[in-house]
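Here are a few notes to help you find your way around. Keep the viewer open and follow along point by point.

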Amino acid sequence: MRGHRRQPSIELLELMGVVKENGSEPPLLHTPLHYDYVLVAKTNHQERETFKKQMEYIGELKKKKLKVTDIRDDDLVFYGIQAPNEIFEKYRYLLKVSDACNWSSDMNDVPLSTRIRIVHYILNHTPIHSGEVLRDLMKANVFEARFCLHEKKKQRELKKSWARWTACLQGQPINAVRSYFGEKVALYYLWLGWYTFLLIPPAIIGVGVFLHGLAFFNSSPLIKEVCEADTIMCPLCDKRCSVWQLSDTCTYAKVSLLFDNNGTVLFAMFMAVWATLFLEFWKRHRASYVCEWKVSDWCEEEEELILGIVNDADCEPKVHRHSYLRSTVVLICVTLMILVIIGLTHALVVFRVIAAVLLVEGSWDFLSEHSNTGAMMLGAVLHYLIITVMKRVNKIVAMKLCELEALRSFATKEKSFTVKMFTFQFFTYFSSLFYVAFFLGRINGHPGGYVRIAGKWRLEECHPSGCLTDLFIQMAIIMVLKQTISNVIEFAGPWFHRWLNGRRNQKLQRKCAHCYLKDESANYGAELCDNCKLRDWLNNYRLNDVDSFSLFNEFLEMVIQFSFTTIFVAAFPLAPLLALINNVIEIRLDAIKMVTLERRLVPKKTNDIGVWIDVLEAIGVLAVIANGLVIGVSSDFIPRLVYRYRYGPCANGTEMDVDCMVGYINNSLSIARMDDKLIFKEFSASQMITASGVNVSQCSYKDYRNNEDYSFTPQFWLILAVRFAFVILFEHVVVICKFITAWFVPSAPLQVKNDRLFDKLKRLKEELSAFQARQHTDPSMSHISP
């Protein structure tokens, strides 16, 4: 017989410090001290009809042989629910004969997490005479709350080894998390731990790219040209803005060079390959753990069929249905919602344009001088507020669309909701960023032909130091606000709720000595007294509520962060560093919240992270396209490259002692003269007076246009052609590298495949032996061929 060997992938994660345990955590087993579930209802001023439905529902549970213990406390009544063993034996048998879930059937006893999951299903699928189920009764205030209980002994162990701030730099006890919260939560933390660990290389390289730009602060000829230039630039707005000197942007030019340098290209290519490596190695780690947990072939829809039979032997399956009309309506609604979100982006553009005008016309000189930057920062803050509001709106719309689809199972509903919610959130977060990255400063026109909103306000231009500066500011503000404010609210809200409830009621805090010993030892024996049970149930009741989408919210937050880290990393190389710092805190924050501040999540069994893996792969592909466009279209990388080899002093190969980029700044500027009628109408005479009082007759602006008729120069068309060629080349090279990487790293380790092969062979031999034994004892079966 082949002996059990530990998976190398699991040992590697332990060596890296992502996880920190040896072997499997024994599952929590049920004892007479445990209750599978608790329902809570209010008793004061209860209507007769409400009370009748409450009693009818409890009666239906008792018909299914569930033991219901009720304890009253002031205006609340608690119903503790325990299911009989025959329900779980039936569940074990159906697992054994199922097609996909039978690998998990070889358990000596049903663990507590499985009991909770089964009872949770039964409670949610037990109707009363009117057809209402528990969900409907909760909406009608027949019941106040429902939850499964935290296990104190396990809680203490998890707080000591995992859910504490001092464990931030330690590995996670994934098997213990799985035993307590189920495979779904354990895989989330395993994924988050692996993602956080793999952020270390890009964080270091991103800081290196940042420092690479910092090293050329004083030696770069581009910086010197900007800082020492006496070039007069055209006004950036109407009326109040006057001409300004290019040297005024010296500081911003230095900041721009920190992330818009040659190292950015290589870093963007590295991040595309990194995203593929992250996903492929994650698949290997997932395969190792689900093999260890014996859920490799687990099917959520098949388990729902099993639970349906356990709940009602005469149940009928929910058949698969498809309606082209419903699908068309849902598609139209999704499209309209996306258009509304994109419309908010246009509103942000209008806001920034008007804000820039108001800042210029204000009485504060500092804001008048930096009106464009101020408007961009205000726009980023407003964008964050829109994100906060739209998250709630998007959730409501996505849920309504899922109800319209009338999906047959919770698994399909969750997948559909995930796709819709992420799509809405993605457009909410990134529509404005895509505008800043690819449209800002490219559709605003030129002196004498500016594009205006409603024929009045000039469309905003890029920051004088480059378009990437605007994208950098926007991303930095949104990421910092999102990660800091969200984490503070996420932790402070449940903590304050628990503290407030603790202040309101201090009674029942002491436990009698008799019950204390039983609870600590968890031995089989008599139940706790009503006073001690009530104390525990009240403590759980006062915790923050959770629902089926609590874990979804955590996943959504991290996947959005993954999008920020990969899609526009060329404009913000420090994004991986911010993500790394946030995630080290996020893991412990979520752990503390789940273990101590929230009610216990219903343990769910699964073998992957669901549709999120497809979302992450789609983000990886989009990151290649977006970074190629950022470098090729938004940054000055291509114009600098063309200047170096075509128009600069090194173009003919004769100049050997001159930096090849000398003269680039002047080459990238065009001139507008006041003697032109269009320009004379565009700018007033007062706008053409410098800060020192000199009246100028011409000004410069950043573009490649003819100084006579403002048509594009041949250099513009050459740069445009090279831009498109670079984008195509970059994307093809990186995509090929991604495919090679995905092929090179198998999605499942060989030992996982071999273990599953040997396990299936063992079970087939056992079935054959059992059949032959039955054939030997029953002569009537002798004619049946095995």
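1. Before anything else: this is a predicted model. Start at Ile-740, which is partly exposed because its relative accessible area is 49%, and that value falls between the 20% limit for buried and the 50% limit for exposed. You'll find Ile-740 in helix H27, which runs over residues 714-744.

2. Stay with that residue for a moment. Which residues make the nonpolar surface patch of about 530 Å²? Ile-740 is one of them, along with Ile-736, Trp-743 and Phe-744.

3. Now hop over to a hairpin. Strand E2 (residues 67-73) pairs with strand E3 (residues 76-82) in the antiparallel sense, and the pairing covers 7 bridges. If you want a landmark across the two strands, take Ile-71, which stands opposite Phe-78 in E3.

4. The turn of that hairpin is worth a click too. There are 2 residues between E2 and E3, and Asp-74 has a positive phi near 55°.

5. Next, the empty space inside. How many cavities of 30 Å³ or more does the structure hold? There are 2, and the largest has about 50 Å³ of space in it.

6. So what surrounds the largest cavity? Its lining includes Ile-341, Leu-344, Leu-348, Ile-386 and Phe-427, as well as His-383, Thr-345, Thr-428, Ser-431 and Ser-432. Helix H14 (324-361), helix H16 (371-405) and helix H17 (410-438) are the elements that each give two or more residues to this lining.

Notes: Residues numbered from 1 in each chain as written. Predicted model: local features only at pLDDT ≥ 70, side-chain atom pairs only at ≥ 80, totals over all residues. Heavy atoms only, no water. Pairing = 2+ DSSP bridges. Helix = DSSP H or I, 4+ residues; strand = E, 2+ residues; numbered from the N terminus. Patch = residues over 30% accessible without salt bridge, like charges linked within 9 Å, V, L, I, M, F, W, Y side chains within 5 Å. Areas by Shrake-Rupley, 256 points an atom, 1.4 Å probe, with all protein chains shown as cover. Salt bridge = Lys/Arg side-chain N within 4 Å of Asp/Glu carboxyl O. Buried < 20%, exposed > 50% of the residue type's maximum accessible area, 1.4 Å probe, protein only. 1 Å grid on protein atoms, 1.4 Å probe; cavity = no way out; pocket = protein on both sides within 12 Å on 5 of 7 lines; lining within 4 Å. Points joined across faces, edges and corners; volume = space filled by probe spheres on them.
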